[in-house]
Amino acid sequence: MLGALLVLLGTTACLAQDLCTDETSEGFKVRLSIKTALGQQAYVWNESEMFLFRATLAFAMRQHFKNNEYNVSSILVCNETQRVSFHFVVLDPSDSTQLIQKTAVEAAVRKSRHRINSAFLLSDGTLEFLQIPPTLATPYSPATPPWLIAFGVVIGAVCAGIIVMLVSSLLGPKKGKGEDDDEEEGGGVGRNGIACDALDGACNGGFSDDDRLTQM
Amino acid sequence: MAKPQERPEWANKAQYLLTCIGFAVGVGNVWRFPYLCQIHGGGAFLIPYLIALVFEGLPLLYLELAIGQRLRMGSIGVWNSISPFLGGVGISSMLVSFLVSLFYNTIVAWVLWYFFNSFQDPLPWSQCPLNQNLTAYNQECVDSTPSNYFWYRQTLNITPNVETSGSLQWWMVICLATAWFVVYVCFIRGIETIGKAVYVTVTLPYVVLTIFLVRALTLPGAADGLKYLFTPEWEILMNPQVWLDAATQIFFSLSVAFGGLIVFSSYNPSDNDCEKDAVVVGLVNSATSLYASVSVFSILGFKAKNNYVSCLQSNILALTDRFEIGDQNMTLDNYEQMLGYLNSTWPEEVAQLNLRPCDLQTFLDQSASGTGLAFIVFTEAVIEMPGSQVWAVLFFVMLFSLGLSTMFGNLEGVLNPLMELNLVPKWMPRWLFTGIVCLVAFLMSLIFTLGSGNYWLEIFNGYVGSVPFLIISFFEIVGVVYVYGLKRFSEDIHAMTGRRPNIFWRACWLVISPLYLLIVFVAYVSVQADKHPNYPAWDPSHVDFPQTNVTPYPDWVFAIIVLLSGLPVAPIPLVALYTLICCGLKGRRSLPSEPQPSPCVADNDCERDAVVVGAG
C-alpha cells in the first residue's frame, strides 16, 4: 500500500517535472544579474534563494487570484544555468497535471512585480522575466515646469533692473547736475553746462559749477 | 556733424580693454576653434592659425582701434572723414552688425532656455518622454538620442525642411524676449552700464573654463581627448583648406569690420596706446581659444571613453545572456580573450548577435561644432558627470556671458552709426532710442523662433556672417592705407602715442594684409560657389533618420541668400557712385576732407573734468 503510494507520488513528481521544459508555451525564462545590481554586497545564488523565488512567485499567484491554494510546490523550475537564469512554470493547484495559462501568470507577476524585485533587492532591469516587458515608470512631471520658475526669477530681476535704471536716470537731471537732455553723458560739456564749442576759445576748467557758494 | 565734446568716455582703461576682449571672445572661441583644431591636424593647426593672427588679425585690429581713437567718431563718421567715397563702408558695417545681432541674440536665447532647464533633476535631456498612449518611449527620441530629441523637438520644434515654416514657439519667444531685455538693461546708460557689466561677463567665462578644466582633467578619458586633440599631423598643412579655415577663423573671431571696435576706441583719450591694446586683445582672444579647447577636449575625451565603455558593456551583456556565462564573469579586462574563445568555439552564434564594433578612435572622431557641440554633445557629457545640474548651469552661464559680451559690440555698432547719421530726433533720450532699436530687433528676430528658425539662422550665419565682412575689411584697409595715406596715418599714430608704427605694421598694412584678405576672399567664395548650397534637415520621416537629410535650398531661399550676402555690402559702391555724381571727383560736400581736431581734443583738461557719470 505504502509502496504503491510512493510510486504514485514519484510518478506524479516526474510527470510534473516533465511539464517544465524550455519549449513549453506556458513558462517564462527568468534572468538575474545579482553582481551587476549589488556589486560587493551580492549574495550567492543557492537552493535557499531558489526556494525564496518559488515562494515569492506563489505569493504573487495568491495575490492575483485570491486563491490560497498556491504553494511553493506549484512553482516548477528547470534549466538553471550559471548566469543565473532558469525556466519556471506554474502548476494548477487543483490539478497538478495542468499548467496555468501564460497570460494569467504574466498578470500575476506584473501585479506584484515590485514585491518580487524587492525580495531580491533587484530591479526590473536586473531581475528580468524575459517575455514580460517592464511597465515604464511615468517620468515625474511637476505641476509648474521648473524652467518657468527659473525664467520668472531672471525676467523679474531684469525688469526690476530696467525700471530702477530708468527711474534713476529720469530723476537724475532734476537734482541739478547740469547734464544735457540728450543723454550723451560724460561729454565735455564744461562745468557750467555750456557746450565747449559754443564758447570762443578753449575750455577753462577753472570755472566750477559749485553753486553752494552762490546761493542767493 | 561730429560733436567730439559730447562723446561718452570710459571710466577706466580696464573697462575699455575688457569690453574689447569681450567683443572679440565669443561663443565661437569655445565651439568653433576646438573643432577646427581637431579636424585640421591638432597641434599642427596652430601654425596657420598663428600666422593668420600675426599677419592678418593684429594689423586689422590695430588699424580699427587707431582710426577710431584718432578720428573720435563711430564707423559712419570715420569713413566719411577718410573719404566721402568710402562712406558706404560705415553703412555696410552698421547693416551687417544689425543682421548679426538678430541671429546672435537668438543663440543667446537658446543658451538661456537650456540654462532655465538645468534646474531640475533629472535633467530633461537625459531621458526620453513617453509617447501619447503611455505604452512606450517616444519613437523619435528612441531612434535618435534624448539629447538630440530635446534639442530638435523640445527646444526648436524643428520642421522637416526650410519651406515649412511652422508657427512661433512660445517658449522660444519668451526666452528671446529675456535675452533682449538683458541686452537692453546693459545698454540703458551706454558705456557706463556696459563698462560695469563687462567686469562680470568677461571674467566669468575664464573662471568657469578653469573650473571645467580642473574637473575635466580628473575625469577618465580626459587624457585620450587631449592627446587626440593635440597630436600634430604635419601633412595636413599641405591642404589649402586648412589655411583658409585658419584665416577665416581668426578673422571672424576678432570681430573686425563690425564697427564696434572703432566706436569703443573712439571713447578713449587720444593719447591711449592703441598698439599695445591691439596686441593684447588679439593675443588674449587666441589664448582663450586654446584654453577653451583644452577644457572642451578633456570633456569630449571623457564622453568618448564613456561611449566606448558602454559599447563594450552592451556587447558583454549580449554575450553573457546568449552563452549563459556567470554574471560579471566577463568584464572589460578579459573581454578580448573571452570573445576570441567564444568566437572560435561558436562562431555562428557570435555572428548572429551582431555585436557593435567598439573603437575608441571612432568615438573620438565623432566631433561636432557650433550648436551641435554645445547643445547635444556637451549636454550628453554633462549627464554622465556626477552633479550634472551644477555643471550644466555653469556651462550655460559661461556661454551666456560670452554671447552677451559679444552682443555689446554688435549693438554698439548699430546704435552709434544711427546717431551719427542724425536719424535720431534730438528730443529722444538715449534710453528710449536704445529701447526702440532693441524692440525692432526683437520683432525681426522672431523669424528664428519659428519651426524653421534654425534653418534660417544657419543661412544668416553662413552667408551674412562671412563674405560681407571680408569685403568690408578689405575696403577698410585699402581706404586707410591708400586713400587716407599711410604716411598721414603714421603721423596720426605718432601724435597719439608718441611713436610711429614700425616696419612690421607698415609692411602688413601696405601689402601683406590686403593681399592675405584678397586671397582668403577669393578662395572662400570659390569654395562656397563650388558646393551646391544645401543644408542638413532634421526629418523624422526620412529614410536614414537619425542621419540628417541633406536637401538643397529651394530657389526662393537661394534668392534670399544672395540678397543677404549682397545687400549689406551694396552701400559701398552705391555711396561711392552717389558721391561721384553729386560732388564730382573731389568728393567735397560740406565736409572738409581733412578731419579738424576739435579744440577740446588738444586740451585734455576738458575731457578729464567732464562729468563722467558713475566714474570709478
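The following exchange concerns a predicted model of a complex with chains A and B.

Residues are numbered from 1 along each chain as its sequence is written, and chains are lettered from A in the order in which they are written. In this predicted model, local features need pLDDT of at least 70, side-chain atom pairs count only at pLDDT 80 or more, and totals for chains, interfaces and linings use all residues, while side-chain values use heavy atoms, without hydrogens and water.

Biologist: What ipTM does the predictor give the complex?

Modeller: The predictor reports two scores for the complex. The pTM is 0.82, and the ipTM is 0.79.

Biologist: What is the mean pLDDT of chain A, and which stretches are below 50?

Modeller: pLDDT is the predictor's confidence in each residue, from 0 to 100. In chain A, 69% of the residues reach 70 or more, and the mean is 76. Residues 176–203 are below 50, although this stretch has 53 contacts (heavy atoms within 4.5 Å) beyond near neighbours in sequence. Another stretch below 50, with 6 such contacts, is residues 207–216.

Biologist: Over which residues at the two ends of the numbering does the pLDDT of chain B fall below 50?

Modeller: Chain B averages a pLDDT of 87, with 94% of its residues scoring at least 70. Values below 50 occur over residues 1–5, a stretch with 10 contacts beyond near neighbours in sequence. Where pLDDT is low, the predicted coordinates should not be read in detail. This caution also bears on the stretch with 45 contacts beyond four places in sequence, residues 589–616.

Biologist: How many helices and strands does chain B have, and what is its radius of gyration?

Modeller: Helices (H or I, at least four residues) and strands (E, at least two) are DSSP runs, numbered from the N terminus; chain B has 28 helices and 2 strands. The radius of gyration is taken over C-alpha atoms, and the globule rule is 2.2 Å times the number of residues to the power 0.38. For 616 residues that rule gives 25 Å, so chain B is as compact as a globular protein of that length, its own value being close to this at 27 Å.

Biologist: What share of the residues of chain B count as buried?

Modeller: Buried means under 20% relative accessible area, exposed over 50%, and partly exposed in between (1.4 Å probe, protein chains only). Among the contacts of chain B with a separation of 6 or more, 81% are accounted for by residues 24 or more positions apart. Of the 616 residues of chain B, the buried share is 59%.

Biologist: In what order do the elements of chain A run?

Modeller: Chain A has 6 helices and 4 strands, and 34% of its 216 residues count as buried. From the N terminus on, the order is α-β-α-α-β-β-α-α-β-α.

Biologist: Which helix of chain A packs against the buried residues of helix 10 of chain B?

Modeller: Helix 10 of chain B spans residues 191–201, and 8 of its 11 residues are buried, including B:Ile194, B:Ala197 and B:Val198. Within chain B, the buried residues of helix 10 pack against helix 1, helix 9, helix 11 and helix 20. In chain A, their partner is helix 6 (146–171).

Biologist: Is B:Val256 buried or exposed?

Modeller: B:Val256 lies in the loop between helix 13 (240–253) and helix 14 (260–266) of chain B. Beyond four places in sequence, B:Val256 touches residues including B:Leu60, B:Leu61, B:Phe251 and B:Phe469. At 3% relative accessibility, B:Val256 counts as buried.

Biologist: Which residues are joined by cis peptide bonds in the loops of A:Val84 and B:Pro122?

Modeller: Most residues other than glycine have a negative phi, and most peptide bonds are trans. In the loop between strand 2 and strand 3 of chain A lies A:Val84, and a cis bond with omega of about 10° joins A:Arg83 and A:Val84. B:Pro122 lies in the loop between helix 6 and helix 7 of chain B, and the cis bond there, with omega near 0°, joins B:Asp121 and B:Pro122.

Biologist: What is phi of A:Leu121, and what is phi of B:Glu324?

Modeller: A:Leu121, in the loop between helix 5 and strand 4 of chain A, is exposed with a relative accessible area of 56%. B:Glu324, in the loop between helix 15 and helix 16 of chain B, counts as buried at 18%. Both values of phi are positive: that of A:Leu121 is near 60°, and that of B:Glu324 is near 50°.
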